[in-house]
Amino acid sequence: MKVQGRMFTWLSVFILIMAIVYGVWSKEPAGTTALFLAFGLSIMIGFYLGFTARRVDAGAQDNKEADVADDAGELGFFSPHSWQPLALGVGGAIAFLGVAIGWWLLYFSAPIILIGIWGWVFEYYRGENRTQ
């Protein structure tokens, strides 16, 4: 994680320099603002990764002598059979359709989105998946 933190920190320095050069040279406020916002996002990610790297054990990517096989193994738990993203996708599609057609459509999309979020959060607290 230390390597990724440094990469994002250096990327944010580059974006900051480019934002200053672009702002002085073009005098265009929208692109300059977008570059400064990209700098802010990049520095936040770099700070988070650097801060987290100090609190966790060093990974294989931080060891210069490591092989690819040193980073093998379980990366985490990922739900293989969840239907909740489908509900969130349908609800989000109806919500964005409501922006184009009319705001009244959000009344129909909000319950679908809330049901999808509720189901996703409590997916492993009930039913056959309770023991996982």
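Is W104 buried, exposed or partly exposed? In this predicted model, W104 counts as partly exposed, at 48% relative accessibility. That value lies under the 50% above which a residue would be called exposed, so W104 stays in the intermediate class. Its aromatic partner F108 has a relative accessible area of 53% and is exposed. The two residues therefore fall on either side of that cut-off, W104 at 48% and F108 at 53%.

A good place to start is with the aromatic rings, of which a search of the whole structure finds four pairs. One of these is formed by F47 and F51, with 6.0 Å from centre to centre and 20° between the planes, and this pair is stacked. Planes under 30 degrees apart count as stacked, which explains the label. Both residues belong to helix α2, which covers residues 29–55. Because F47 and F51 are four residues apart in that helix, about one helical turn separates them. As for their surroundings, F47 is exposed, with a relative accessible area of 57%, whereas F51 is partly exposed, at 35%.

The rings of W104 and F108 are arranged in another way. Their centres are 6.2 Å apart and their planes meet at 90°, so this pair is edge-to-face. The class follows because an angle over 60 degrees between planes counts as edge-to-face. Further along the chain, W118, F122 and Y125 come together in one aromatic cluster.

Helix α2 also holds S42, and here the picture turns inward. At 5% relative accessibility, S42 counts as buried, since the limit for that class is under 20%. What does the side chain of S42 reach? It extends to the backbone oxygen of F8, at 3.1 Å. F8 appears again among the contacts of S42: leaving aside residues up to four places away in sequence, S42 touches F8, L11, S12 and I15. Helix α1 spans residues 2–26, and the contacts of S42 with F8, L11, S12 and I15 thus link helix α2 to residues numbered within that span.

Helix α1 is also where M18 is found. With a relative accessible area of 34%, M18 is partly exposed, in contrast to the buried S42 of helix α2. How far apart are the C-alpha atoms of M18 and M1? They are separated by 26 Å, for two residues that lie 17 residues apart along the chain.

Conventions
Residues are numbered from 1 along each chain as its sequence is written. This is a predicted model: local features need pLDDT of at least 70, side-chain atom pairs count only at pLDDT 80 or more; totals for chains, interfaces and linings use all residues. Side-chain values use heavy atoms; hydrogens and water are left out. Rings of Phe, Tyr and Trp (its six-membered ring) pair if their centres lie within 6.5 Å; planes under 30 degrees apart count as stacked, over 60 as edge-to-face and the rest as tilted. Helices (H or I, at least four residues) and strands (E, at least two) are DSSP runs, numbered from the N terminus. Buried means under 20% relative accessible area, exposed over 50%, partly exposed in between (1.4 Å probe, protein chains only). A polar contact is a pair of N or O atoms within 3.5 Å; within protein, one must be able to donate a hydrogen and the other to accept it, and residues adjacent in sequence count only if both atoms are side-chain atoms. Contact means heavy atoms within 4.5 Å.
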